[in-house]
Amino acid sequence: MSEPKKTAFFKAAEKTNHSAIQRRPSLDEEVYETLLAQLISLKIAPGNRIAVDALVREMGVSQTPIRAALIRLENEGLVIKTHNVGYSAAPMPSRAHFEQIYDLRLLLEPYAAKCTAEAVTDEVREELAALDQAMATPNSDDNKRAYSQFALLDAKFHNLIATASGNRLVAEALARSYAHMHLFRLRYHSVVTEGAVQEHAAIMKGIIAGDGQAAKEAMEEHLLRSLGRWKPFFDATP
Ligand SMILES: [Zn+2]
């Protein structure tokens, strides 16, 4: 427990040279990632109950890491807890909600990218580069897990830019929209990951160069393309 949360998708950020030095994720992290993969791949369908006892049997672990993962997923908006009922998978947001998520992101994230570029530090440069590198090289042979790891890294990439903007209200508004996690539940597919890596590289280039305008435009471009990739799937939701 010495380094909570700092496993799996943070691995690349630790600037280890190669996989030989990579630590195995902690049990908490493994249980979290397993549940996240089940939610994103819809193995646990939206609205379905999540029984802790059943997970204990299925995963062969105690209740503790499962409860810790469920609390984390609840904070991320993927799981809801109802009094006397327990945990269930959050319902899939409506199409209108997805459209609002993109409206919000288009208003806030290009601005955040501009602010981040104009005040960029070496630490932010390094963290962004490490995240981008990790997204380009999935560290799992299991497709579902690789996909949910990509979802986490993408969320981390965008959160980092929002936080580094220095505007806390912007960062909080974006975090509260739970945009990433819901989006990735729309479709479990690698198509959505390919373009994103290149677009992220363009955002990073602007930020690293301290070019606010370039970072802003690259973020706008990324969000519009991402919207184009997802739209067919949220158009199909009621
Ligand atoms: Zn992205």
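Residues count as buried under 20% relative accessible area, as exposed over 50%, and as partly exposed in between. With that scale in hand, a tour of this structure, which is a predicted model, can begin with a pair of charged side chains. Glu99 has a relative accessibility of 29%, so this residue is partly exposed. Arg95, at 33%, falls in the partly exposed class too. These two residues form a salt bridge, with their closest N and O atoms 3.2 Å apart. Both belong to helix 4, which spans residues 95-118, and they sit 4 residues apart, about one turn of the helix.

A second pair can be found in helix 10 (residues 212-235), where Arg225 and Glu221 are separated by about one helical turn because they are 4 residues apart. Here the salt bridge brings the closest N and O atoms to 2.6 Å. Arg225 has a relative accessible area of 46% and is therefore partly exposed; Glu221, at 38%, is likewise partly exposed.

Salt bridges in this model number 10, and some of them join into a network that links Glu29, Arg72 and Glu76. Within this group, the side chains of Arg72 and Glu76 meet at an N to O distance of 3.8 Å. Arg72 is a buried member of the network, since its relative accessibility is 14%.

Attention now turns to the metal site. The zinc ion is held by four protein donors, namely Asp154 through OD and His158, His200 and His222 through NE2, at distances of 2.1 to 2.3 Å. Read along the chain, these donors follow the spacing D-x3-H-x41-H-x21-H. Asp154 and His158 share helix 6 (residues 143-164), in which they are 4 residues apart, or about one turn of the helix. Both of these residues can be placed on the accessibility scale. Asp154 has a relative accessible area of 7% and so is buried, and His158 is buried as well, because its value is 2%.

The geometry of the site deserves a closer look. Ideal angles for four tetrahedral donors are 109.5 degrees. Around the zinc ion, the 4 donor atoms subtend angles of 85 to 163°, and the arrangement is therefore irregular. The tetrahedral class requires all angles to lie between 85 and 135 degrees, and the upper end of the range at this site is 163°.

Another residue to visit is Leu78, in the loop between helix 3 (63-75) and strand 2 (79-82). Its relative accessibility is 0%, so Leu78 counts as buried. Leaving aside neighbours within four places in sequence, Leu78 is in contact with Leu36, Leu39, Leu73, Ser88, Ala89, Ala90, Met181, His182 and Arg185. One of these partners, Leu39, is 39 residues away from Leu78 in sequence, yet the C-alpha atoms of the two are 7.6 Å apart in space.

Finally, a word on confidence. The chain has a mean pLDDT of 84, with 86% of its residues at 70 or more. Confidence is highest in strand 1 (residues 49-50), at 95, and lowest in helix 8 (residues 179-186), at a mean of 71. Over residues 1-22 the pLDDT stays under 50, and the model has 35 contacts beyond four places in sequence for this stretch. Where pLDDT is low, the predicted coordinates should not be read in detail.

Terms used. Residues numbered from 1 in each chain as written. Predicted model: local features only at pLDDT ≥ 70, side-chain atom pairs only at ≥ 80, totals over all residues. Heavy atoms only, no water. Donors = N, O, S within 2.8 Å, 3.2 Å for Na, K, Ca; no water. Tetrahedral: all angles 85-135°; square planar, octahedral: opposite > 155°, others 65-115°. Helix = DSSP H or I, 4+ residues; strand = E, 2+ residues; numbered from the N terminus. Buried < 20%, exposed > 50% of the residue type's maximum accessible area, 1.4 Å probe, protein only. pLDDT = per-residue confidence, 0-100. Contact = heavy atoms within 4.5 Å. Salt bridge = Lys/Arg side-chain N within 4 Å of Asp/Glu carboxyl O.
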